[in-house]
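Here is a short note to help you find your way around a structure you have not seen before. Keep the 3D view open and take the points one at a time.

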Amino acid sequence: MPSPSRRTVLATGSALGGTLLATGLPAQASAADHGSAPDAPYAPSTSSDPWRTVLDDADLVWERMPKTWYEGPYLGNGFLGSGIYAEPGRETEAVRFNIQHSEVQDHRPQFGSLFGLARLPIGHFTLEPVGAITGLDWRLGLRDAELTGTLTTDRGTLTIRALIHTTRSVLAVEVTPSKGERDFRWVFHPAQAISPRAAFKPVPPGYAGNPPAEIEEHDGVSAAVQPLLSGGQHVTAWRERTRGPRRTLYVNVAHSYPKSTALRQALATVRTSALLPYDALALTHRAWWHAFYRKSFLSLPDARIQRFYWIQLYKTASAARRDAPAMATSGPWLEPTPWPATWWNLNVQLEYWLIHGSNHLELDAVTRSLSEFRDHLKAEMAPAYRGDSLGIPRTTDASLVNGGATDPVLGYGVGIPGQDPPTPEVGNLTWALHNVWLSYRHTMDESILRDVLFPLLRKAINYYLHFLEPGADGKLHLPATFSPEYGGNSRDCNYDLMLLTWGCRTLLDSAELLGIEDKLAPRWREVLARRAAYPTDANGFMIGADIPFAKSHRHYSHLLAVYPLYELTGDTPDEKALIEKSLAHWVGFEGALQGYTFTGAASMSALLGKGEDALSYLGQLMTRFIQPNTMYKESGPVIETPLSAAQSVHDMICQSWGDIIRVFPALPTAWADLTVHDFRTQGAFLLSAVRKGGRTRWVRLVSEAGAPCVVRHGIAGAIDVRDGRGRPLRFKDVGDGAVQVTLRKGESALITARGDRPDLRIAPVEPNEEAPRWGLPATP
């Protein structure tokens with residue numbers, strides 16, 4: 001719920017419904033007075049709760065049986081995950097409930113991160129009715145994070161409720177059978193504990209799968225105990241309880257290494273959870289989710305995209321927690337995949353961008369992981385650089401270990417610029433630390449800056465400094481490095497030059513903020529003054545000095561200075577032309593383009609203020625790549641692209657780079673009405689704003705840190721700026737449609753057109769047209 005410090009109240013039972021903000025208007029003209037005015041900006045709502053309205057509208061619905069990971073419902077809590085669909089080859093006989101866990105992995109680093117440290121499959125349950133399955137009617141309710149519905153057979157029906165409890169980490173499935181289905185059964189099928197990559201690539205010499213799981217009974221609780229060759233174990237424990245006509249399955253997974261304590265943990269969790277009926281578990285589970293969603297609000301008139309957006313928030317909270325492992329490529333829903341690890345050359349960064357604007361920093365596992373496992377980052381460096389440098393390889397396990405440190409030949413995982421092999425992709429840590437910087441900027445939490453960002457970034461940039469050399473032109477140049485995922489090594493690779501530039505600038509700014517006189521500061525300044533220019537040619541940005549951009553390429557590794565670093569923003573006509581040319585050239589090569597190509601292109605278009613282009617790119621993403629349940633695939637299950645699409649929506653609605661908050665900077669004409677509430681910006685401001693009929697009606701900012709506030713509000717003509725009590729606030733016009741307002745911590749500013757007293761109620765906007773729900777309709 002909105003905190004009392006924001007002085008918000010719920011206007012339940014009102015004609016318009018929705019949330020009523022503190023007015024910020026003169027006392028004689030409260031928002032409540034305007035709620036019944038003829039020009040009130042919202043039509044009557046069917047619900048007094050805007051969150052319930054948009055969430056219920058976004059529910060995924062299945063009217064026929066999903067057959068794959070890309071079609072079915074999914075449940076999770078950052079650790080335990082379950083994807084649900086028909087049992088392959090037995091579509092009319094059984095429904096599969098996958099059981100996977102983000103902590104379950106192998107621990108044999110000598111075989112590398114993709115085999116020896118890979119996430120391991122656990123297994124699945126089959127729900128096996130008495131009769132043949134003839135139909136279903138399922139709904140994945142976002143608001144309650146719960147699957148409900150009916151499975152119909154030729155012998156009766158099975159009414160199902162299922163959730164993965166957000167804190168207990170228990171899958172609970174309650175089934176109420178009709179008379180003809182009373183003898184349905186659950187069967188657990190352990191998976192072979194081998195890297196999923198083995199189905200796609202040859203296994204390393206000497207590598208073998210782990211021994212089979214052993215099924216045991218422990219006083220009414222069943223357990224599949226999976227021993228690991230490395231030591232330790234993972235255990236799936238389950239129990240079914242019958243209460244009246246209802247039968248409830250309780251499942252937990254525990255992982256322990258190197259000790260074999262997982263069995264005791266899993267048995268205890270199942271026993272205590274099974275004492276509670278499903279309704280009792282659901283009560284606390286739903287409370288967490290209801291509070292989660294209320295941290296922000298967004299409604300826009302494209303029903304398909306609005307539903308997609310809220311599903312991504314559900315998906316992220318199902319896949320991420322601060323104390324969970326940083327998301328692997330498929331989140332907690334592991335399937336056969338060539339990518340059974342955590343990828344750091346794009347995937348992790350994209351997966352977590354949306355947590356900032358949506359006000360969900362409680363999901364930030366990146367900052368926590370990089371801080372907690374910094375010693376592992378040192379171990380992955382070549383011995384000569386471990387004293388003053390850090391890096392992260394392309395892939396790691398949950399504790400950021402790659403296995404390169406145990407390589408009998410190399411002895412390290414991060415490449416060395418100028419050497420090949422290995423592929424010297426060295427910028428991944430710096431890019432990951434940009435996510436940490438975003439977490440700092442959106443909270444202004446100095447501990448993130450002081451304890452995590454500055455010390456880690458200092459050593460990540462220091463690695464580059466070992467290799468920078470002056471050329472004949474007097475500029476500082478990098479030896480050959482690798483640009484993900486173009487192929488080939490190039491001197492002055494843009495991926496690395498752009499990250500190096502951002503890193504040096506951020507270190508100087510951070511040292512000043514922290515009051516640190518760092519001995520390396522002169523070197524950072526020298527890099528900014530003398531580093532080689534980003535290589536370009538007639539088509540825009542090159543891959544590097546040796547490699548033009550000349551083939552289809554899904555990754556925007558050569559464009560990071562544009563997005564997400566915002567080092568180049570089109571402030572001058574020449575810079576804008578360079579960005580436009582580079583963007584068009586990049587997406588102009590069909591063949592290798594993938595979904596995140598279009599999310600990147602959408603966000604770059606939003607930077608340029610081109611809302612129509614941004615929407616067009618999102619449209620291509622939706623029609624070409626997004627699957628029925630909003631999942632995504634590239635040779636196997638991956639989840640970063642849909643999550644980054646939510647960030648593209650954020651970039652169209654608000655941008656706050658460069659110490660300026662830009663409200664509605666890149667909206668297409670079709671988005672004439674839009675509502676956003678408690679959208680978190682850099683500087684630790686909470687933004688609420690309403691657009692109606694193509695015109696911004698009001699903008700409100702709450703300061704959480706007392707940082708400087710400059711806002712490009714988008715309201716035409718003269719404006720009023722008032723505090724939370726409706727009193728005028730002084731402001732300074734700084735040009736280009738922006739004003740500067742001084743706000744102390746906890747204070748707010750409301751910006752309206754001069755003399756305007758708009759309704760400040762937060763409510764959903766009306767969709768422009770009907771759109772199908774996500775899921776599977778009755779007919780394809």
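**Notes for a first look**

1. A good place to begin is helix H5 (residues 278-293), which holds both Trp289 and Phe292, three residues apart, or about one turn of the helix. The two rings form an edge-to-face aromatic pair, with 5.6 Å from centre to centre and 70° between the planes. Trp289 and Phe292 are each buried. Please bear in mind throughout that this is a predicted model.

2. Next, look at Trp353 and Tyr563. Their ring planes stand at 75° with the centres 5.5 Å apart, and since an angle over 60 degrees counts as edge-to-face, this pair belongs to that class. Here the partners come from distant parts of the chain, 210 residues apart. Trp353 sits in the loop between helix H7 (347-352) and helix H8 (354-357), while Tyr563 is in the loop between strand S25 (540-541) and helix H15 (573-587). Both residues are buried.

3. How many aromatic pairs does a search of the whole structure find? The count is 39. You can also pick out an aromatic cluster whose members include Trp51, Tyr74, Trp310 and Trp333. Trp289 and Phe292 from the opening point are part of this cluster too.

4. Two arginines are worth a glance for the rings beneath them. Arg531 lies over the face of Tyr534, 4.0 Å from the ring centre. Arg662 is placed over the face of Trp657, at 3.5 Å from the ring centre.

5. Now for the pockets. The largest has a volume of about 920 Å³. It is lined by 38 residues, and those closest to its centre are Ser113, Leu114, Arg394, Thr395 and Asn402. Helix H3 (residues 112-116) provides the largest share of this lining, with four residues. Sorted by class, the lining has 16 nonpolar, 14 polar and eight charged residues.

6. The second largest pocket has a volume of about 530 Å³. Which residues lie nearest its centre? They are Trp437, Arg441, Asp509, Gly658 and Asp659, out of 20 lining residues. Helix H11 (428-443) and helix H13 (494-514) each supply at least two residues of the lining, and H13 gives the most, with seven. By class, this lining has nine nonpolar, five polar and six charged residues.

Technical notes. Residues are numbered from 1 along each chain as its sequence is written. This is a predicted model: local features need pLDDT of at least 70, side-chain atom pairs count only at pLDDT 80 or more; totals for chains, interfaces and linings use all residues. Side-chain values use heavy atoms; hydrogens and water are left out. On a 1 Å grid over the protein atoms alone, a cavity is a set of points where a 1.4 Å probe fits but cannot get out, and a pocket is an open set with protein on both sides within 12 Å along at least five of seven lines; lining residues have an atom within 4 Å of a point. Grid points are joined across faces, edges and corners, and a volume is the space filled by probe spheres set on the points. Ala, Val, Leu, Ile, Met, Phe, Trp, Tyr, Cys and Pro count as nonpolar, Asp, Glu, Lys and Arg as charged, and the others, Gly among them, as polar. Rings of Phe, Tyr and Trp (its six-membered ring) pair if their centres lie within 6.5 Å; planes under 30 degrees apart count as stacked, over 60 as edge-to-face and the rest as tilted. Buried means under 20% relative accessible area, exposed over 50%, partly exposed in between (1.4 Å probe, protein chains only). A charge sits over a ring if NZ of Lys or CZ of Arg is within 6 Å of the ring centre and within 35 degrees of the ring normal.
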